[in-house]
Amino acid sequence: MSQEHPTPEQDPQAAAPTEAPAATPPEASPADELATLKAQNLDLADQFLRAKAEAENARRRADEDIGKARKFAVEAFAESLLPVTDSLEAGLGVQNATPEQLREGAEATLKQLKSALERHKVIEINPAAGTKFDPHQHQAISMVPSEQEANTVVGVLQKGYLIADRVLRPALVTVAAPK
């Protein structure tokens, strides 16, 4: 074998591929640049319109969901009151009921009603005598002379109700007057 032309195993520089000089891209003509920019502009305009339409659809779906929620929000509550209505109608349908039977039926129906209210987080406000007056949950109807400490509940004229920690109706109470 002759040494005039070394093989790649003999000459490591000969094995390395020769790098071609960096080819500079031919400069695009202004017409080509304009066509490219117009194509990009059309693509971006299309993307914008699609995003805008998607946002409008999402807003419309959210509005529909809110409308349905408002329309049917009371559905579960109304459904829980139907047994109470059924009990009242059944009680009114009984002929020749004794006062004891009427009382039992009314108590059972009231129990059903209270149970339905509690299931929907409607809680009774019925302060005991001597409880400190709370203007957030109680409404003072009158102040009466009492042996109790001033500004405490003497009696409840009408129970109040909370719904999910919000006062639906304050309890109507009489309050001990200062001495």
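Which side chain meets that of lysine 159 in a salt bridge? The partner is glutamate 124, with an N to O distance of 3.4 Å. The model described here is predicted.

**Salt bridges**

Side chains of opposite charge can pair when their charged atoms come close. A search of the whole structure finds seven salt bridges; the table gives three of them, including the pair named above.

| Basic residue | Acidic residue | N to O distance |
|---|---|---|
| Arginine 103 | Glutamate 107 | 3.3 Å |
| Lysine 114 | Glutamate 124 | 3.8 Å |
| Lysine 159 | Glutamate 124 | 3.4 Å |

Lysine 159 sits in the loop between β3 (153-158) and β4 (160-163), while glutamate 124 belongs to strand β1, so their salt bridge ties together parts that are 35 residues apart in sequence. Glutamate 124 also forms a salt bridge with lysine 114. That pair links distant parts of the chain, with lysine 114 in helix α4 and glutamate 124 in strand β1 (residues 122-125), ten residues apart. Lys114, Glu124 and Lys159 are thus linked in a network of salt bridges. Each member of the network is partly exposed: the relative accessible area is 33% for lysine 114, 34% for glutamate 124 and 28% for lysine 159.

The salt bridge between arginine 103 and glutamate 107 lies within one element. Both residues are in helix α4, four residues apart, which is about one turn of the helix. Arginine 103 counts as exposed because its relative accessibility is 58%, and the cut-off is over 50%. Glutamate 107, at 44%, counts as partly exposed.

**The largest pocket**

Helix α4 also takes part in the largest pocket, giving the most to its lining with five residues. The volume of this pocket is about 220 Å³. Two elements, α3 (75-93) and α4 (99-119), give two or more residues to the lining. Among the lining residues are Ser87, Leu88, Val94, Gln101, Leu102 and Thr109. By class, the lining has six nonpolar and five polar residues, and no charged ones.

**Threonine 174**

Is threonine 174 buried or exposed? Its relative accessible area is 12%, and because the cut-off is under 20%, threonine 174 counts as buried. Threonine 174 lies in strand β6 (residues 171-176). Leaving aside neighbours within four places in sequence, threonine 174 is in contact with Ser142, Thr152, Val153, Val154, Gly155 and Leu157.

Technical notes: Residues numbered from 1 in each chain as written. Predicted model: local features only at pLDDT ≥ 70, side-chain atom pairs only at ≥ 80, totals over all residues. Heavy atoms only, no water. 1 Å grid on protein atoms, 1.4 Å probe; cavity = no way out; pocket = protein on both sides within 12 Å on 5 of 7 lines; lining within 4 Å. Points joined across faces, edges and corners; volume = space filled by probe spheres on them. Nonpolar A, V, L, I, M, F, W, Y, C, P; charged D, E, K, R; others polar. Buried < 20%, exposed > 50% of the residue type's maximum accessible area, 1.4 Å probe, protein only. Contact = heavy atoms within 4.5 Å. Salt bridge = Lys/Arg side-chain N within 4 Å of Asp/Glu carboxyl O.
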